[in-house]
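This report goes through selected features of one protein structure. The sequence and the coordinates are shown below.

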Amino acid sequence: MSDLPTTRPSVLFVCIHNAGRSQMAAAWVQHLSGGAVEVRSAGSAPAGSVNPAAVEAMLEEGIDMSAEVPKILTTDAVRESDVVITMGCGDTCPIFPGKRYEDWALEDPAGQGVDAVRPIRDEIRVRVLGLLESLGVQPVA
């Protein structure tokens with residue numbers, strides 16, 4: 001009998017527009033976990049496209065988010081996730097008992113250039129590494 005988990009932990013990142021912070025966080029989890037974590041992102045009022053400065057900042061780290069599109073937050077996305085991390089979406093995120101919720105207070109990169117987005121990107125990376133550790137997931141190189 002194996003002690004390995006039969007399912008991957010799942011994380012949902014939520015911000016208002018699903019165009020910057022939540023997209024970068026999801027991309028970092030996908031990249032740093034090597035696919036060991038199921039990751040989703042969504043917004044309570046999704047933008048029409050992902051913030052180009054966020055795409056550029058992540059590309060500098062070798063992570064291509066150019067194909068991502070903002071998605072609407074659904075109750076199912078919350079229900080299907082083990083951890084829900086909000087980033088300024090207020091009380092629009094549904095709460096389910098037994099879920100782990102965190103709120104990451106991060107500056108909103110909306111309307112800012114890549115120079116302003118880099119420190120937000122780097123802060124998200126640090127937080128994602130802590131999240132992976134808490135989930136028992138070893139980051140990949």
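What follows covers helix packing, salt bridges and a few individual residues of this predicted model.

## Helix H1 against helix H4

Two packed helices are described by the angle between their axes and the distance between the axes. Helix H1 spans residues 21-33 and helix H4 spans residues 114-134; their axes come within 9 Å and cross at roughly 50°. H1 and H4 are therefore oblique to each other. The crossing in which H1 passes H4 is right-handed.

On the H1 side, the contact is made by Arg21, Met24, Ala25, Trp28, Val29, Leu32 and Ser33. Their counterparts in H4 are Val117, Ile120, Arg121, Ile124, Arg125, Val128, Leu129, Leu131 and Leu132. Sorted by class, the residues of this contact are twelve nonpolar, one polar and three charged.

## Helix H2 against helix H4

Helix H2 (residues 52-59) also packs on H4: the two axes come within 9 Å, with a crossing angle of roughly 60°. This pair is therefore oblique, and H2 passes H4 in a right-handed crossing.

From H2, the residues in contact are Ala53, Ala54, Glu56, Ala57 and Met58. They meet Val114, Val117 and Arg121 of H4. The contact of H2 with H4 holds six nonpolar and two charged residues, with no polar residue. Val117 and Arg121 of H4 thus appear in the contact with H1 and again in the contact with H2.

## Salt bridges around Arg40

How many salt bridges does a search of the whole structure find? The count is twelve. Two of these involve Arg40, whose partners are Glu38 and Glu80. In the bridge between Glu38 and Arg40, the N to O distance is 2.8 Å. In the bridge between Glu80 and Arg40, the N to O distance is 3.4 Å.

The pair of Glu80 and Arg40 links distant parts of the chain, 40 residues apart. Glu80 sits in the loop between helix H3 (75-79) and strand S3 (83-86), while Arg40 belongs to strand S2 (residues 38-43). Arg40 has a relative accessibility of 17% and counts as buried because this is under the 20% cut-off. Both of its partners count as partly exposed: Glu38 has a relative accessibility of 29%, and Glu80 has 47%.

## Salt bridges in and around H4

Within helix H4, the side chains of Arg127 and Glu123 form a salt bridge with an N to O distance of 2.7 Å. Arg127 and Glu123 are four residues apart in the helix, so about one helical turn separates them. Arg127 is partly exposed at 26% relative accessibility, and Glu123 is partly exposed at 33%.

Elsewhere, salt bridges with shared partners join six residues into one network: Glu60, Glu61, Asp115, Arg118, Arg121 and Asp122. Of these, Arg121 is also listed in the contact of H1 with H4 and in the contact of H2 with H4.

## Ser81, beside Glu80 in sequence

The loop between H3 and S3 also holds Ser81. Is Ser81 buried or exposed? With a relative accessibility of 0%, Ser81 counts as buried.

Leaving aside residues up to four places away in sequence, Ser81 touches Ser10, Val11, Leu12, Arg40 and Lys99. Arg40 is thus a contact of Ser81 and a salt-bridge partner of Glu80.

## Backbone at Asn18

Most residues other than glycine have a negative phi. What is the phi of Asn18 near? The value is near 50°, which is positive in a residue other than glycine.

Asn18 is placed in the loop between strand S1 (10-15) and H1. Its relative accessible area is 0%, and Asn18 is therefore buried.

## Tyr101 in strand S4

Tyr101 belongs to strand S4, which covers residues 100-103. The relative accessible area of Tyr101 is 26%, so this residue counts as partly exposed.

Along the chain, Tyr101 and Ala26 are 75 residues apart. Their C-alpha atoms are separated by 16 Å.

Methods: Residues are numbered from 1 along each chain as its sequence is written. This is a predicted model: local features need pLDDT of at least 70, side-chain atom pairs count only at pLDDT 80 or more; totals for chains, interfaces and linings use all residues. Side-chain values use heavy atoms; hydrogens and water are left out. Axes are lines fitted to C-alpha atoms, for helices over the stretch in contact, and angles run from 0 to 180 degrees between N-to-C directions. Helices (H or I, at least four residues) and strands (E, at least two) are DSSP runs, numbered from the N terminus. Angles under 35 degrees count as roughly parallel, over 145 as roughly antiparallel, 65 to 115 as roughly perpendicular and the rest as oblique. A crossing is left-handed if the near helix is turned anticlockwise from the far one by less than a right angle, and right-handed if clockwise. Contact means heavy atoms within 4.5 Å. Ala, Val, Leu, Ile, Met, Phe, Trp, Tyr, Cys and Pro count as nonpolar, Asp, Glu, Lys and Arg as charged, and the others, Gly among them, as polar. Buried means under 20% relative accessible area, exposed over 50%, partly exposed in between (1.4 Å probe, protein chains only). A salt bridge is a side-chain nitrogen of Lys or Arg within 4 Å of a carboxyl oxygen of Asp or Glu.
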